[in-house]
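Here is a quick briefing to read with the model open beside you. Take it topic by topic and find each residue as you go.

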Amino acid sequence: MSRTPTHRGRHRGRRGAAVAAALLVLVTLPAASTADGPGAAHRDRAAADDARGRTAAQTVPGRAPADNVILLIGDGMGDAEITAARDYSVGAAGRLALDTLATTGRRTTFSVDERGRPVYVTDSAAGATAWATGRRTVNGRVSKTPGTNRPLPTLLEKARRHGYATGSVTTASVADATPAALTAHVTDRSCKGPADMAECPADTRAAGGAGSVVEQTVAARPDVLLGGGADHFAQTVRDGPYRGRTVLEQARAAGYQVVRDRAELTAARTDRPVLGLFAPDYLPVEWTGTPAAPGGTAPQRCAVHNPARPAGTPTLAESTRAALDQLTARRDRATGKGFFLQVEGASIDDRAHEADPCGQIGETVAFDRAVAVALAYAGRHPRTLVIVTADHGHATQILPEDARPPGLSSTLVTDEGGRMLLGYATAGSGGTQEHTGVTVPVAARGPLAHRVLGLRENTELFGTVCAALGLR
Ligand SMILES: [Zn+2]
C-alpha cells in the first residue's frame, strides 16, 4: 500500500510504552470527569453568549469585531472520535465542553494535488495550511502553494503584523505540521530541523531559502510557543548568521526564555517571549490501555495515569491557561488589540493511527479540558472568538457490541458501565490506521461565530479569523 507523507515521523517508539502501560488495568476515572458536562440550560446560555458576541461586534464602530481569537484544533478528531470520548467519559447523554458551543457547522477537509485537483483525504500539513492561509495545498506541504511551491502568508504572521500578540500550543513537537503551518513555509512537513532538510532542497539557507521549520519559527517570533520538540531545537544551524549554533541558541538570542516543565512555565516572565519544550518530540499521552487487535480485546477500562508521563509535564489545559495568561498580559491597552492563539490536541490523531482507543480517548478528553479553559476565558472576556474544529476524520468506528469486524477492535467498559466496541479497519494488524475524507464538525462562540454555520470550506476559517481581528 502506498503511503502519503501523512504519517512521516509521527510514530517513533510510542507503542512500546503504550503496551507496557497496558498491563495496568481497571483504573477508575475520577468523578470530576463529568464536571464539564452541562445540559440544556448551559446550551441556551451558550446561544445567548453567541448572540451577545455578535451584538458587541456590531456596536463598536471602527474596531475589529473581536479582541481575541482562540482556535482549537483536535487533530484527527472527527465525529466518531468525539462520540467515543463522550460515550466513555461523560456518557452517551452527557456533554463534553466542546458540545456546549451552540453555533455549529461542518467543514470540508480535502486537499489538492500539484495541479489543484481535489485529493479527498488530507494530511495534517495540508489540513493546517487550509485554515492557516486560506489556500489548499498538496499533502505534506506546509503553508506553500501547490505547483509553484511559494510561501503563503499565515494567520499568525498577519496577526503579529497587525499588532496582536500571538501564541501556539500543541501536544506534538512545536515543529509538527499543525503548529508549523502558522510559523513556517516548507516544501515538506518532515523538514523540522536543520538536519532534516532532505525533502526541502529549495528551503535550505544554503539555497537561499528560509531554513527548517524551527529556524523559521524562531524568526516568526510568536510570543508564546508551547509543546514538545526539544530534539529539533538541539540541532545545529548550517547556514546564515547563526551557523554553527543550535536553534535553541538562536531562540535565546532572539529573546526567548526557555521553559522545560510546569513550574518553569508558571514562573515565566511576561515581558519576553516564551518557548516551552516539554519533551524531546511528542509529549507523552495522558491515558493508556490495550491497543485494538484482530478479533477484539477483553473488555477494558482505560488507565487514566500514564507512568511514562513525567510529573512536571503540563497538561494541554495547563499550557492553554498559561498561554492565555501570557497573552493577556501583552494586550495592547491603547488599541484594545488582544491576541491570536492556536491550541492543538495532536495525539488524538497519533493514537488513532495506532488503533489505541484509550490513548485516543484520553487525548480527546485532555483536548476538551483545554476547550473548557478557552470557554471560561471567553466567558470573562466576551470579545473573544472561540473556534473548535478538526483537520480531518480518522479511522475509529463505533460498532454494535456483538459485531465481529474483520479489522482491529477493542471493547471498552465506559464510565457509565456500558460496553463500547470500537473498530479500526483502514489498515491490517501491524499497519498504521488511515485518515478519512469526511467533513468534520466546527463550533464557535463569540463575535462572528455565525460564520461557521452550515457546510463550509476548510479554507474559510482563515477569512473568519481575519474578519474577526480586522486583518488585511
Ligand atoms: Zn495523522
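Let's start with a residue in the middle of things: Asp 349 counts as buried, because its relative accessibility is 0% (buried means under 20% relative accessible area, exposed over 50%, partly exposed in between, with a 1.4 Å probe and protein chains only). Keep in mind that this is a predicted model, where local features need pLDDT of at least 70, side-chain atom pairs count only at pLDDT 80 or more, and totals for chains, interfaces and linings use all residues. Residues are numbered from 1 along each chain as its sequence is written, and side-chain values use heavy atoms, with hydrogens and water left out.

**The zinc site**

- Asp 349 (OD, listed twice), His 353 (NE2) and His 435 (NE2) coordinate the zinc ion at 2.0 to 2.3 Å; donors are N, O and S atoms within 2.8 Å of the metal (3.2 Å for Na, K and Ca), and sites may look incomplete because water is not among the atoms.
- Along the chain, the donors follow the spacing D-x3-H-x81-H.
- Asp 349 sits in helix 12 (residues 347–353), while His 435 is in the loop between strand 14 (419–424) and strand 15 (440–445), so this pair links distant parts of the chain, 86 residues apart. Helices (H or I, at least four residues) and strands (E, at least two) are DSSP runs, numbered from the N terminus.
- His 435 is buried too, with a relative accessible area of 7%.

**Salt bridges**

- The structure holds 18 salt bridges, each one a side-chain nitrogen of Lys or Arg within 4 Å of a carboxyl oxygen of Asp or Glu.
- Asp 123 and Arg 189 meet in one of them, at 2.9 Å from N to O. Asp 123 lies in the loop between strand 4 (118–119) and helix 4 (124–133) and Arg 189 in the loop between helix 6 (177–183) and helix 7 (213–220), so the pair ties together parts 66 residues apart in sequence.
- Both Asp 123 and Arg 189 are buried.
- Glu 457 pairs with Arg 136 in a salt bridge, with the closest N and O atoms 2.4 Å apart. Because Glu 457 is in the loop between strand 16 (454–456) and helix 14, and Arg 136 in the loop between helix 4 and helix 5 (155–161), they tie together parts 321 residues apart in sequence.
- Glu 457 is partly exposed at 32% relative accessible area, whereas Arg 136 is buried at 19%.
- Lys 144 and Asp 203 form a salt bridge as well, with their closest N and O atoms 2.6 Å apart.
- Lys 144 is buried, with a relative accessible area of 5%, and Asp 203 is buried at 4%.
- Arg 63, Asp 67, Arg 331 and Arg 383 are linked in a network of salt bridges.

**Cavities**

- A cavity is a set of points, on a 1 Å grid over the protein atoms alone, where a 1.4 Å probe fits but cannot get out, and lining residues have an atom within 4 Å of a point.
- The count comes to 2 cavities of 30 Å³ or more.
- The largest cavity holds about 70 Å³ of space, and its lining includes Thr 170, Leu 283, Arg 309 and Glu 363.
- The second largest cavity has a volume of about 40 Å³, and Glu 457 from the salt bridge with Arg 136 is among its lining residues.

Methods
1 Å grid on protein atoms, 1.4 Å probe; cavity = no way out; pocket = protein on both sides within 12 Å on 5 of 7 lines; lining within 4 Å. Points joined across faces, edges and corners; volume = space filled by probe spheres on them.
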